[in-house]
Amino acid sequence: MTIARLHRTIGVKVGHVQVGGGAPVVVQSMTNTDTADVAGTVSQVAALAAAGSEIVRVTVNVPEAAAAVPEIKRRLLDQGCTVPIVGDFHYNGHLLLTRYPECARALDKYRINPGNVGTGARRDEQFAMICAVAREHDKPVRIGVNGGSLNQELVMRRMQENTDGNLGKSSDEILNDCMVESAVTSTELALEAGLREDQIIISCKVSRPLHLIDVYRRLARATRQPLHLGLTEAGMGMKGLVWSSTAMGVLLHEGIGDTIRVSLTPRPDGDRCEEVYAACEILQALGLRAFSPSVTACPGCGRTTSTTFQELAERIQGYIRERMPTWKQEYEGVEEMTLAVMGCVVNGPGESKAANIGISLPGTGEAPNCPVFIDGRHAMTLRGTYEELSAQFQALVEDYVATRYRRLTLDV
C-alpha cells in the first residue's frame, strides 16, 4: 500500500537537499561532539552521512564552536562529503551569527528555538537579527519549538486564560496549544523580518508519543511550511526506538513530516550512527524510502537451537552497512535488494525464495545442508563451518550486486 503524502506545498532547499514540496522524506541527525573539536566533528559528520544522514546538525553554542564551523565545512568538502550542515543556536545565536560571518556563510541552515532566543521585548529583536543574517546569506531556518524550552510567558498567559475563562483544558492540552501557537506566530515574525516562505521549516518536538501525534496533526492543519519530525529526548535503546517509531510511524503514515530525526540517547562511547539507521528503517518499513538492502531473519524457536543463523544474519547486516557507501555510488537500485537468513525448514525455503538471495540453514535434527535460492530458484546448497558459510554467502551477495544492478561509474 502506498502512503498518500501530505506534502507541504512549499519546498525549502537546504544546501543541495530539497525538503518538502513533494520531495521524499529526508533523514537528519545531529553530532554529539564538541564542535570546537574540528577533527572529531568532521569525523562524526562524515560517519553520519555515510550511514545515510542527508542533513547533519551541529551545536554552535560558544565563540570557539562558531569559529570552527568554516574549517569543519572545508575539511568535509575536501573529503568529498557534501552533506548540508545545520547550526543549532540557543540563547546567543544572534550574537554568534553576526560576530562570526564566516560561520553564517558556511552553514546551510540555522535552527532557532523561539523559547530560547530571548525574553521580553528583546525576544522579537534578537529573533529578527537571526532572520536578517539568514536573509543576507540566503539561508533557510528551522523554527524549532521544543516542549522542554517553551516560551514560559506564553504558557503562563494561556494558563491564566484557561483559569479565568473556566475553559476546562488540561495542562497538557494548553502546552500543546502553546507549541503550535509558538511555531505559527514565530513563522509570521520570520516572514515580517523579510524571510521568504521557501526559507522556513518548522518543528514542534515533545517527548511523549501521543502528544507528538496531537501537536503535528494540528501543525499540519495550521501551516503550509515543511515539517521536521522527531520525538525529542526519546531515550536509550529499545525504549527510544519503540517510542520514536510508534509516534513517527503514525504521523508518516498519515503523510505528515518532511524530514525526520530519531533522537536516541547513545550508550557511553556508543555509535551515533544508530539514530540514522533507525530513521532509515522507519522510512523503509513504511515504503517511503529505500536506503539499504533489507535482511529477513526468523526469530528462532525450539527448532533452531544452533545460533549459526543468528550470527550469519548479524554479520550480513553489518557487511551490508559497510558496503553500502560504495555500492550506492556504483550501482543503481542496489538499496532495494532483499536477503533472507532463515533458521530451519518450516519457513526457511519459502522466505528464501521470496528474497533476491536467501539461505535456509538446518534446524535441530535436519540434514546439515543449506539450500540457497536466488530470485526464487534453488541455485546451490552450501555446507561447512560458520566462517565458511559466511564467506560463501557474502561472495554470492557481491556477485549478485555486480551482475544484477547497472553500474553508475566506469572502472578506472
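## Ser360 and its surroundings

A residue counts as buried when its relative accessible area is under 20%. In this predicted model, Ser360 has a relative accessible area of 4% and is therefore buried. Ser360 belongs to strand β15, which covers residues 357-360.

Leaving aside residues up to four places away in sequence, Ser360 touches Met342, Cys344, Gly348, Pro349, Ser352, Asn369, Cys370 and Pro371. One of these neighbours, Cys344, also appears in a polar pairing: its backbone oxygen lies 3.4 Å from a polar atom of the Ser360 side chain.

## Cysteines

The structure holds zero disulfides. For Cys103, the closest cysteine sulfur is that of Cys131, and the distance of 16 Å is too far for a bond. Cys103 is buried, with a relative accessible area of 1%.

Cys280 gives a similar account. Its sulfur is 10 Å from the closest cysteine sulfur, which is in Cys273, and this is again too far for a bond. For reference, a disulfide requires the two sulfur atoms to be within 2.5 Å. Cys280 also counts as buried, at 7% relative accessibility.

## Helix α6

Helix α6 comprises 13 residues, 152-164. At 1.5 Å a residue it should span 18 Å, and the end C-alpha atoms are 18 Å apart, so the expected and modelled values agree. At the start of the helix, a side-chain oxygen of Asn151 comes to within 3.0 Å of the backbone nitrogen of Glu153. After α6 comes Asn166, with a positive phi near 50 degrees.

Which residues of α6 are buried? They are Leu154, Val155 and Asn162. Their arc around the axis is only 100 degrees, which means that they sit on the same side of α6. An α-helix has 3.6 residues a turn, so residues three or four places apart point the same way. The buried residues of α6 pack against α7 (171-192). The face turned away from the buried side carries Met156, Thr163 and Asp164, which are exposed.

## The eight-strand sheet

Eight strands form an open sheet in the order β8-β7-β6-β5-β4-β3-β11-β9, with parallel pairing. The edges are β8 (200-205) and β9 (228-229); each has a single partner strand, so one side of each is left without a neighbour in the sheet. Strands of a sheet pair through backbone hydrogen bonds, either parallel or antiparallel.

At the β9 edge, β9 pairs with strand β11 (residues 259-260) in the parallel sense over two bridges. Leu229 stands opposite Ile260 of β11.

## Strand β7

Strand β7 (residues 141-146) has six of its six residues buried, so it is largely enclosed by the rest of the structure. Val141, Ile143 and Val145 point one way from the strand, while Arg142, Gly144 and Asn146 point the other way. Burial therefore applies to both sets of residues, since six of six are buried.

In the sheet order, β7 stands between β8 and β6. Strand β6 (residues 109-112) runs parallel to β7, and three bridges join the two. Within this pairing, Ile112 has Ile143 of β7 as its bridge partner.

Methods. Residues numbered from 1 in each chain as written. Predicted model: local features only at pLDDT ≥ 70, side-chain atom pairs only at ≥ 80, totals over all residues. Heavy atoms only, no water. Helix = DSSP H or I, 4+ residues; strand = E, 2+ residues; numbered from the N terminus. Buried < 20%, exposed > 50% of the residue type's maximum accessible area, 1.4 Å probe, protein only. Polar contact = N/O pair within 3.5 Å; in protein donor to acceptor, adjacent residues only side chain to side chain. Contact = heavy atoms within 4.5 Å. Expected span 1.5 Å × (residues − 1). Arc of directions from axis to C-beta. Pairing = 2+ DSSP bridges.
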